[in-house]
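Colleague: I have a fresh model open on my screen and would like to walk through it with you. Could we take it one question at a time?

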Amino acid sequence: MRATAELSGTGLTASIDHALGCLRHNFRTVRGAAGWYHYLDDPSPGVTASAVGLFCFSVAGVRFERTPDVVAYLLSQQRASDDSTDGGWSVRTTNGFPIAEATSWVVRALSRPGTGVLGGEALARGAEWLRANQNVDFGWGSYLGQPSRVFHTALNMLALQESGAGTDALAGAQRWLIDGQNARTPAWGPTPGAEPTMLHTSVALLALSRTPGALSANTMRQTAEWLLERIEPGIHVERSTTVEEYDVPYADGDIQAVFQNSLPHFAGPLALSAILSTGVVDPLQKKVFDSVNAIMDTQLEGGHWELPRSPMRPSVWALWPFVSALSSARSAILSTPRAKAALLFPGCAIVQSEDVAQDLTRRLLIQNALFDWVRNRKVVLALWLVAAVTTGVPVALLLAGKFSVKDFLTALIFPVLLMVFQVIWDRRAARAGASG
């Protein structure tokens with residue numbers, strides 16, 4: 001029996017560290033701003049990208065030395081006003097007007113271990129902004145009154161869940177998401193009733209799975225299986241959601257401006273994260289192993305992955321989905337960061353520490369192969385054993401002078417008959433296999 005796929009914890013951890021090294025290398029501090037921008041080679045940090053960068057370190061369980069500097073920058077950019085914009089965060093192109101795309105990511109970053117104490121009050125105000133900007137249908141758009149979208153609703157739910165705030169808002173959002181599921185499949189599209197996609201199904205499953213009782217175990221399993229069926233190892237994006245584009249009108253002083261938002265997405269690794277995080281589908285499957293290995297194989301020299309519309313520029317959006325997927329795989333499949341898993345068949349793998357003798361897996365596989373060979377040939381081996389005994393005894397007696405040559409030849413009649421029977425048996429089995 002051979003392993004059908006293998007997963008190395010050392011290689012997986014090295015890939016995560018390489019991605020985090022990319023963030024460290026591109027860390028920027030400019031005039032009180034500390035963090036990253038969407039394009040990592042941009043010298044001026046931005047709010048959303050800086051929050052996503054912190055999230056990458058946290059989800060990988062790695063301490064980032066400059067976390068206090070990034071948090072201080074994020075806190076300095078929080079909106080403080082007497083109107084409905086108080087507590088939110090904006091992006092560079094909305095000139096101080098807060099939107100959910102930025103606020104939800106900052107709330108998620110400030111909710112992670114190691115940043116909560118630094119951003120306690122700001123975190124509560126950010127969560128309150130999200131609650132205040134929930135639409136009357138209980139979904140979320142970019143802000144109050146903008147059309148509710150699945151990605152926004154799921155992302156805001158995750159932010160409120162991780163911050164421990166907004167229980168009442170979560171109950172309504174949960175109903176909105178469930179009602180917005182596609183009528184024909186256990187999946188979601190960008191808006192209620194739209195054609196389902198891996199991307200929107202993944203974020204919806206992630207958000208709903210963290211609310212006990214929101215979805216039955218059977219529904220979660222069906223959704224996870226729907227995602228697993230569509231994952232293609234090495235294909236990280238799906239054509240329909242490579243970029244999610246929509247207009248965001250906002251007030252710029254007395255002027256009503258429009259911001260055309262473009263969110264780059266990686267549906268493949270996000271789907272893998274959803275499958276592994278929910279735990280309703282056995283991760284010991286070849287497609288899961290192949291998908292994790294394909295993520296590591298396609299990592300670029302700089303530590304990031306290729307952004308489809310800008311393949312020559314590193315982006316924070318081409319880091320976090322992959323770091324999240326690799327971290328989820330390491331937790332779900334491997335016992336330690338230095339473990340190694342050899343998949344024998346679906347649902348069965350040998351997981352061993354890479355610190356122990358490396359020939360353990362090989363010896364176990366050889367032993368299993370020997371047992372399988374013996375089990376499949378029990379009748380044949382029994383016949384050969386009888387033949388060996390009935391032949392060996394006369395030979396021994398002949399050599400000891402206890403048998404004459406005539407007696408010896410007579411004693412061989414039974415072994416010969418057994419041999420003829422064996423030949424006939426093998427030919428019949430061969431013909432049966434060919435006809436089958």
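Modeller: Happily; what follows is a set of questions and answers about this predicted model.

Colleague: Let's start with the sheet: in what order do the three strands of the open sheet lie?

Modeller: The pairing in this sheet is antiparallel. Its edge strands are E1 (5-8) and E7 (348-353), each of which pairs on one side only. On average, neighbouring strands are turned by 15° against each other, direction ignored. With E1 and E7 at the edges, the order reads E1-E6-E7.

Colleague: Which residue of E6 is the bridge partner of Ala5?

Modeller: E1 runs antiparallel to E6 (residues 339-345), and four bridges join the two strands. Within this pairing, the partner of Ala5 is Leu343.

Colleague: And on the E7 side, how many bridges does E6 form with E7?

Modeller: E6 and E7 make up a hairpin with two residues between them, and Gly347 in the turn has a positive phi of about 90°. One of the pairs joins Ala339 to its bridge partner in E7, Ser353. The two strands pair in the antiparallel sense, and the number of bridges is six.

Colleague: At what angle to E1 does helix H1 run?

Modeller: Helix H1 covers residues 9-25 and lies across both E1 and E6. Its direction relative to E1 is about 55°.

Colleague: Which other helix packs on the sheet, touching E1 and E6?

Modeller: The direction of this helix makes about 50° with that of E1. It spans residues 286-297 and is helix H11.

Colleague: Now a single residue: is Leu54 buried or exposed?

Modeller: Leu54 sits in helix H2 (residues 47-59). Not counting residues up to four places away in sequence, it touches Trp36, Phe64, Thr67, Val70, Val71, Leu74, Ala109 and Thr115. Its relative accessible area is 5%, and the cut-off for burial is under 20%, so Leu54 counts as buried.

Colleague: How far apart are the C-alpha atoms of Leu54 and Val70?

Modeller: Val70 is among the residues that Leu54 touches. The two residues are 16 residues apart along the chain, yet their C-alpha atoms are separated by 7.8 Å.

Colleague: What about His304, is that residue buried or exposed?

Modeller: His304 is found in the loop between H11 and H12. Leaving aside neighbours within four places in sequence, His304 is in contact with Cys22, Gln299, Pro314, Ala318 and Leu319. Because its relative accessible area is 10% and the limit is under 20%, His304 is buried.

Colleague: On to the empty space: which element gives the most to the lining of the largest pocket?

Modeller: The largest pocket holds about 870 Å³ of space and is lined by 44 residues, with Tyr37, His38, Thr48, Val91 and Trp317 lying nearest its centre. The elements giving two or more residues to this lining are H2, H4 (100-111), H6 (150-163), E5 (255-264) and H12 (320-333). By class, the lining has 26 nonpolar, 15 polar and three charged residues. The element giving the most, with six residues, is E5.

Colleague: How much space lies in the second largest pocket?

Modeller: This second pocket is lined by 19 residues, and those nearest its centre are Phe55, Arg108, Leu206, Arg210 and Ser324. H2, H4, H6, H8 (198-209), H10 (267-278) and H12 each supply at least two lining residues. By class, ten are nonpolar, five polar and four charged. The space in the second largest pocket is about 250 Å³.

Colleague: Finally, from which helix does the largest share of the lining of the largest cavity come?

Modeller: Searching the whole structure turns up two cavities of 30 Å³ or more, and the largest has a volume of about 60 Å³. Its lining includes Ile231, Glu232, His236, Leu272 and Ile295, and by class it has six nonpolar, four polar and one charged residues. H10 and H11 each supply at least two of the lining residues. The largest share, three residues, comes from H10.

Key:
Residues numbered from 1 in each chain as written. Predicted model: local features only at pLDDT ≥ 70, side-chain atom pairs only at ≥ 80, totals over all residues. Heavy atoms only, no water. Buried < 20%, exposed > 50% of the residue type's maximum accessible area, 1.4 Å probe, protein only. Contact = heavy atoms within 4.5 Å. Pairing = 2+ DSSP bridges. Axes fitted to C-alpha atoms, helices over the stretch in contact; angles between N-to-C directions. 1 Å grid on protein atoms, 1.4 Å probe; cavity = no way out; pocket = protein on both sides within 12 Å on 5 of 7 lines; lining within 4 Å. Points joined across faces, edges and corners; volume = space filled by probe spheres on them. Nonpolar A, V, L, I, M, F, W, Y, C, P; charged D, E, K, R; others polar.
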